[in-house]
Amino acid sequence: MDEPHTISEPAPRAPGSVLPLLVLNGVLVLALALVTVGAPADAQPDRRRAGEYVFLTVELQQEAEEGLIVLDTVNRELSVVRWDQGLGTLVPVGARSLARDAEQRAPRRTNR
């Protein structure tokens, strides 16, 4: 038959052993708060707005396969990607800034 299990008392803690843990937890919470509330990283100078996307499939001329046109109507950007079967991932084909293209094509106005 099974022997009855006995529950033993936890080992007594040394006085003051809880205080360092409480201090460490406080420091960690403070560090988390500072990182969460802090300014964005330098690598993120311009925050992009959330885009609204239109997707179109196209036949790529050079690849003899289909590609995907991704039009971001909010940020005014156009990207083309294709699926690489060997790598199992999307591969960028090209990208354009529609806003920059529109600025370059706009007729220059001269003040008279």
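**Exercise 1. Find the bridge partner of W83 in β4, and describe how the two strands concerned are joined.**

Solution. In this predicted model, W83 has L90 as its bridge partner in strand β4. The next step is to look at the strands as wholes: β3 covers residues 77-84 and β4 covers residues 89-97, and the two run antiparallel with 8 bridges joining them. Finally, consider the connection, where 4 residues stand between β3 and β4 in a hairpin, and where G88 in the turn has a positive phi of about 70 degrees.

**Exercise 2. Determine which residues G94 touches beyond its neighbours within four places in sequence, and classify its exposure.**

Solution. Begin by placing the residue: G94 belongs to strand β4. Once the neighbours within four places in sequence are set aside, G94 is in contact with L78, S79 and V80. For one of these, S79, the C-alpha atom is 5.8 Å from that of G94, although 15 residues separate the two in sequence. As for exposure, G94 counts as partly exposed because its relative accessibility is 32%, which lies between the limits of 20% for buried and 50% for exposed.

**Exercise 3. State how many salt bridges there are, and work out where the partners of each one lie.**

Solution. The count of salt bridges is 2. One of them is formed by E65 and R82, whose closest N and O atoms are 3.3 Å apart. This pair links distant parts of the chain, since E65 is in strand β2 and R82 is in strand β3, 17 residues apart. The exposure of the two partners can then be read from their relative accessible areas: E65 counts as partly exposed because its value is 28%, whereas R82 is buried, with a value of 17%. R96 and D101 also form a salt bridge, with 2.7 Å between the closest N and O atoms, and R96 is partly exposed because its relative accessible area is 48%.

**Exercise 4. Locate R76, and say what is notable about the sign of its phi.**

Solution. R76 sits in the loop that lies between β2 (65-72) and β3. Its phi is near 55 degrees, which is a positive value in a residue other than glycine. With 42% relative accessible area, R76 is classed as partly exposed.

**Exercise 5. Check whether the length of α1 agrees with the expected span, and describe how well the helix is covered.**

Solution. Helix α1 comprises residues 18-37. At 1.5 Å a residue, its 20 residues should span 28 Å, and because the C-alpha atoms at its ends are 29 Å apart, the two values agree. The helix is hardly covered, for the count of buried residues among its 20 residues is 0. Surface residues L19, V23 and V27 form a nonpolar patch, with about 290 Å² of accessible area together. The spacing of such residues can be understood from a general rule: an α-helix has 3.6 residues a turn, so residues three or four places apart point the same way. V27 itself counts as exposed because its relative accessibility is 51%.

**Exercise 6. Put these elements into the order of the whole chain, and summarise its burial.**

Solution. The chain holds 2 helices and 4 strands, and from the N terminus on they follow the order α-β-β-β-β-α. Of the 112 residues in the chain, 12% are buried. The accessible surface comes to about 10700 Å², and carbon and sulfur atoms account for 57% of it. Among contacts with a separation of 6 or more, 12% join residues 24 or more positions apart.

Methods
Residues are numbered from 1 along each chain as its sequence is written. This is a predicted model: local features need pLDDT of at least 70, side-chain atom pairs count only at pLDDT 80 or more; totals for chains, interfaces and linings use all residues. Side-chain values use heavy atoms; hydrogens and water are left out. Patches are made of residues with over 30% relative accessible area and no salt bridge: like charges are joined within 9 Å, nonpolar side chains (Val, Leu, Ile, Met, Phe, Trp, Tyr) within 5 Å. Accessible areas come from the Shrake-Rupley method with a 1.4 Å probe; for residues, only the protein chains shown count as cover. A salt bridge is a side-chain nitrogen of Lys or Arg within 4 Å of a carboxyl oxygen of Asp or Glu. Buried means under 20% relative accessible area, exposed over 50%, partly exposed in between (1.4 Å probe, protein chains only). The expected span of a helix is 1.5 Å times one less than its number of residues. Contact means heavy atoms within 4.5 Å. Two strands pair if DSSP finds at least two bridges between them.
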